[in-house]
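Have the sequence and the 3D view ready, and let us walk through this fold together. We will look at helix starts, buried faces, the core and the cysteines.

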Amino acid sequence: MKSHPNKHIQAAIEYALKKGWVWVRPGNSAHCFCRLRCGNPEGEHRDHQVSVWSTPKDAENHAKQIVRTVNRCE
């Protein structure tokens, strides 16, 4: 897994991974850095996922959004 160039978003990715989420390689989208998906042991929650953008308009808000999505899944 490569690291995100923004420290706030990278911290949010690491938070998600510590909570058991899975880092998924992006598809063909040039703007998507990766996708984070819930790694629930009973089967992945397909509706619990979030795209991580390479260059969001406001990186700190995007990082907060990632953390909120992870916390909603608990």
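At the start of α2, a side-chain oxygen of D58 comes to within 3.3 Å of the backbone nitrogen of E60. A polar contact here is a pair of N or O atoms within 3.5 Å; within protein, one must be able to donate a hydrogen and the other to accept it, and residues adjacent in sequence count only if both atoms are side-chain atoms. At the start of α1, a side-chain oxygen of N6 reaches to within 2.8 Å of the backbone nitrogen of H8.

Before going on, please note that this is a predicted model, in which local features need pLDDT of at least 70, side-chain atom pairs count only at pLDDT 80 or more, and totals for chains, interfaces and linings use all residues. Residues are numbered from 1 along each chain as its sequence is written, and side-chain values use heavy atoms, with hydrogens and water left out.

**The two helices**

Helices (H or I, at least four residues) and strands (E, at least two) are DSSP runs, numbered from the N terminus. The expected span of a helix is 1.5 Å times one less than its number of residues. "Buried" means under 20% relative accessible area, "exposed" over 50%, and "partly exposed" in between (1.4 Å probe, protein chains only).

| Helix | Residues in helix | Expected span | C-alpha span, end to end | Buried residues |
|---|---|---|---|---|
| α1 | 12 residues | 16 Å | 16 Å | I9, Q10, A12, I13 and A16 |
| α2 | 15 residues | 21 Å | 22 Å | A59, H62, A63, I66, T69, V70 and C73 |

On which side of α2 do its buried residues lie? They cover an arc of only 120° around the axis, so they sit on the same side of α2; the arc is that of the directions from the helix axis to the C-beta atoms. This buried set packs against α1, β2 and β3, where contact means heavy atoms within 4.5 Å.

The buried residues of α1 are I9, Q10, A12, I13 and A16. Their arc is only 160° around the axis, which puts them on the same side of α1. They pack against β1 (22-24), β2, β3 and α2. The face of α1 turned away from its buried side carries the exposed residues K7 and K18. After α1 comes G20, with a positive phi near 95°.

Q10, in helix α1, counts as buried because its relative accessibility is 10%. Leaving out residues up to four places away in sequence, Q10 touches M1, K2, S3 and H4.

**The core**

A nonpolar core is a set of buried Ala, Val, Leu, Ile, Met, Phe, Trp, Tyr and Cys residues joined through side-chain atoms within 4.5 Å. The largest one has 16 residues, and those with the most contacts inside it are I9, I13, W21, C34, L36, V52 and I66. At least two core residues each come from α1 (7-18), β2 (32-37), β3 (49-53) and α2 (59-73). The largest share, five residues, comes from α2. I66 touches I9, A12, L36, V50 and V52, not counting residues up to four places away in sequence.

**The cysteines**

How many disulfides does a search of the whole structure find? The search finds zero, with a disulfide taken as a pair of cysteine sulfur atoms within 2.5 Å. The cysteine sulfur closest to that of C38 is in C73, and at 3.3 Å it is too far for a bond. C38 counts as buried because its relative accessibility is 5%. C73 is buried too, with a relative accessible area of 16%.
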